[in-house]
Amino acid sequence: MSGLLAYSVYKSGLNKQLAFGIAWSKTHAYNIFCDNNGIVWVYEPQSNQIIGGFYNAKEPYISTEVWFES
């Protein structure tokens, strides 16, 4: 997903990368992204759904590690 977004930004001619990252819980890996208001959201790639706000996440989305693409 990270590579796809980076390529999309490049092909669109945008000069800034999207705020997109990968997060890990004890049992699960998933994606996170920031919106224009600075809110961090959980994106579940297995179901193609936006789960909800990252900072009030429920299991299995309680993170132990986060990595943002730069």
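# Strands, hairpins and loops

User: Hi! How many bridges join strand 2 to strand 3?

Analyst: There are four bridges between strand 2 and strand 3, and the two strands run antiparallel. Please keep in mind that this is a predicted model.

User: Thanks. What sits between those two strands?

Analyst: Five residues separate strand 2 from strand 3, and the pair forms a hairpin. Gly 38 is in that turn, with a positive phi of about 80°.

User: Which residue stands opposite Asn 31 in strand 3?

Analyst: That is Tyr 43. Asn 31 also has a bridge partner in Ile 22. Strand 1 and strand 2 are antiparallel, with five bridges joining them, and they make a hairpin with four residues in between.

User: And how do strand 3 and strand 4 run?

Analyst: They run antiparallel too, with four bridges between them. One pair to look at is Trp 41, which stands opposite Gly 53 in strand 4. Strand 3 and strand 4 also form a hairpin, with four residues between them.

User: What about phi in that turn, at Asn 48?

Analyst: Phi of Asn 48 is positive, at about 60°, and Asn 48 is a residue other than glycine. Asn 48 belongs to the loop between strand 3 (40-44) and strand 4 (49-53).

User: Is Asn 48 buried or exposed?

Analyst: Exposed. Asn 48 has a relative accessible area of 56%, and the cut-off for exposed is over 50%.

User: Let's zoom out. How many helices and strands does the protein chain have?

Analyst: The protein chain has one helix and five strands. Reading from the N terminus, the order is α-β-β-β-β-β. The radius of gyration of the protein chain is 12 Å, close to the 11 Å from the globule rule for 70 residues, so the chain is as compact as a globular protein of that length.

User: What does the C-alpha trace span?

Analyst: Along its principal axes, the C-alpha trace spans about 40 × 25 × 20 Å. About 5,000 Å² of the protein chain is exposed, and carbon and sulfur atoms supply 54% of that.

User: What share of the residues count as buried?

Analyst: Of the 70 residues, 27% count as buried. If you are curious about contacts, take those between residues at least 6 apart in sequence: 37% of them join residues at least 24 apart.

User: Which residues make up the largest nonpolar core?

Analyst: Eight residues do: Ala 23, Tyr 30, Ile 32, Val 40, Val 42, Phe 54, Ala 57 and Tyr 61. Strand 2 and strand 3 are the elements that give two or more residues to this core. As background, nonpolar side chains in soluble globular proteins tend to be buried together.

User: Changing topic: where does His 28 lie?

Analyst: His 28 is in the loop between strand 1 (20-24) and strand 2 (29-34). His 28 counts as buried because its relative accessibility is 17%, and the limit for buried is under 20%.

User: What does the side chain of His 28 join up with?

Analyst: The side chains of His 28 and Glu 44 are joined by a polar contact of 2.6 Å. Beyond neighbours within four places in sequence, His 28 is in contact with Ala 23, Glu 44, Gln 46, Pro 60 and Tyr 61. Two of those names, Ala 23 and Tyr 61, also appear in the core list.

User: And Ser 25, buried or exposed?

Analyst: Ser 25 counts as buried, at 9% relative accessibility. Ser 25 also lies in the loop between strand 1 and strand 2. Its side chain reaches the backbone nitrogen of Thr 27 at 3.2 Å.

User: Last one: which backbone nitrogen does the side chain of Asp 35 reach?

Analyst: The side chain of Asp 35 reaches the backbone nitrogen of Asn 37, at 2.9 Å. Asp 35 is placed in the loop between strand 2 and strand 3.

User: How far is Asp 35 from Ala 19 in space?

Analyst: They are 8.0 Å apart, C-alpha to C-alpha, while 16 residues apart in sequence. As for accessibility, Asp 35 counts as partly exposed, at 25%.

Key: Residues numbered from 1 in each chain as written. Heavy atoms only, no water. Buried < 20%, exposed > 50% of the residue type's maximum accessible area, 1.4 Å probe, protein only. Polar contact = N/O pair within 3.5 Å; in protein donor to acceptor, adjacent residues only side chain to side chain. Contact = heavy atoms within 4.5 Å. Core = buried A, V, L, I, M, F, W, Y, C linked by side-chain atoms within 4.5 Å. Pairing = 2+ DSSP bridges. Rg over C-alpha atoms; globule rule 2.2 N^0.38 Å. Areas by Shrake-Rupley, 256 points an atom, 1.4 Å probe, with all protein chains shown as cover.
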